[in-house]
Amino acid sequence: MIAIQIDDVDIGALIAAAKKHGTGAVVVFDGVVRDDGITEMELEAYEEVAVKELEKIAKEAINQFGLLHVDIIHRIGRLTVGENILIIIVSAGHRPDAYAGSRYIIEEIKKGVPIWKKELTRDGGRWVPGEHGHGKGHG
Amino acid sequence: MTVKIRFFARFRELLGTDIMTEVAPGTMFTPLITSIARNNPAGYAAVFDEKGAFHEFVILMKNGKRVELSDAAKTPVIDGDEIAVFPPVAGG
């Protein structure tokens, strides 16, 4: 499942579905809204492009690390402290590939997928600065 | 010819988004975005520097594909194009 969506997901169900034949390890990355003195976080995406880039990253991770399954769900909209922002679930035959594949996916997302976060505070809000590598541009 | 311009994040707050605009044949990326951004001084300053060039961190896309800043002045837009202009990404 590759998606950009408002709704949360059932991580337990995704883990169960990720246990494909041959799976020896499932790695779950769950990025959550941190309590940095904010009231909420607002997330925005260039959805059509972002989904395509997530699909490309997933395919690259499968090829590079021999993953058996990949889910990437990035949420948008307004989220409160502690809510899930990004869920990455990968399965592989062995843990080194599962860990490496999961790490690869999150780092690639941070480099180039058009998604932005705004931290909302009592005084207004501030856009989280992007990593200024100028975006890798998976398109 | 009609094209759509989409700004995102901070740029969207200042300049709006999903802007449909009529353009003459042969219009290039840079003058098109310049003319739209001029409607809002803070928005213009967010996208362009004092010399009228894109800030180096600005990312441009045409129909979902990257357009390098160095090519923007010589990249034409055509009818139906979707132009996206946005700051560095911060997902994850």
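Okay, let's start with the sheet in chain A: it's an open one, four strands in the order 1-4-6-2, and the pairing is mixed. Bear in mind throughout that we're looking at a predicted model. At the edges sit strand 1, residues 2-5, and strand 2, residues 25-32, each of them pairing on one side only. Going from one strand to the next, the twist averages 10°.

Now, look at strands 4 and 6 of chain A. Strand 4 covers residues 69-75, strand 6 covers residues 84-92, and the two run antiparallel with six bridges joining them. If you want a spot to click on, take Ile72(A): its bridge partner in strand 6 is Ile88(A).

So what packs on this sheet? Helix 2 of chain A, residues 47-65, does, and it touches strand 1, strand 4 and strand 6. The direction of helix 2 makes about 150° with that of strand 1. Helix 3 of chain A, residues 95-112, packs on the sheet too, touching strand 2, strand 4 and strand 6. For helix 3, the angle is about 145°, taken against the direction of strand 6.

Right, on to the partner chain. How many residues does each chain put into the contact? It's 27 from chain A and 17 from chain B. On the chain A side, helix 2, helix 3 and strand 7, that's 115-121, each supply at least two residues. Which of them gives the most? Helix 3 of chain A, with four residues. And for the chemistry of that chain A side, you've got 12 nonpolar residues, nine polar and six charged.

Methods: Residues are numbered from 1 along each chain as its sequence is written. Chains are lettered from A and ligands numbered from 1 in the order in which they are written. This is a predicted model: local features need pLDDT of at least 70, side-chain atom pairs count only at pLDDT 80 or more; totals for chains, interfaces and linings use all residues. Two strands pair if DSSP finds at least two bridges between them. Axes are lines fitted to C-alpha atoms, for helices over the stretch in contact, and angles run from 0 to 180 degrees between N-to-C directions. Two residues are in contact if their C-beta atoms, placed from the backbone, lie within 7 Å. Ala, Val, Leu, Ile, Met, Phe, Trp, Tyr, Cys and Pro count as nonpolar, Asp, Glu, Lys and Arg as charged, and the others, Gly among them, as polar.
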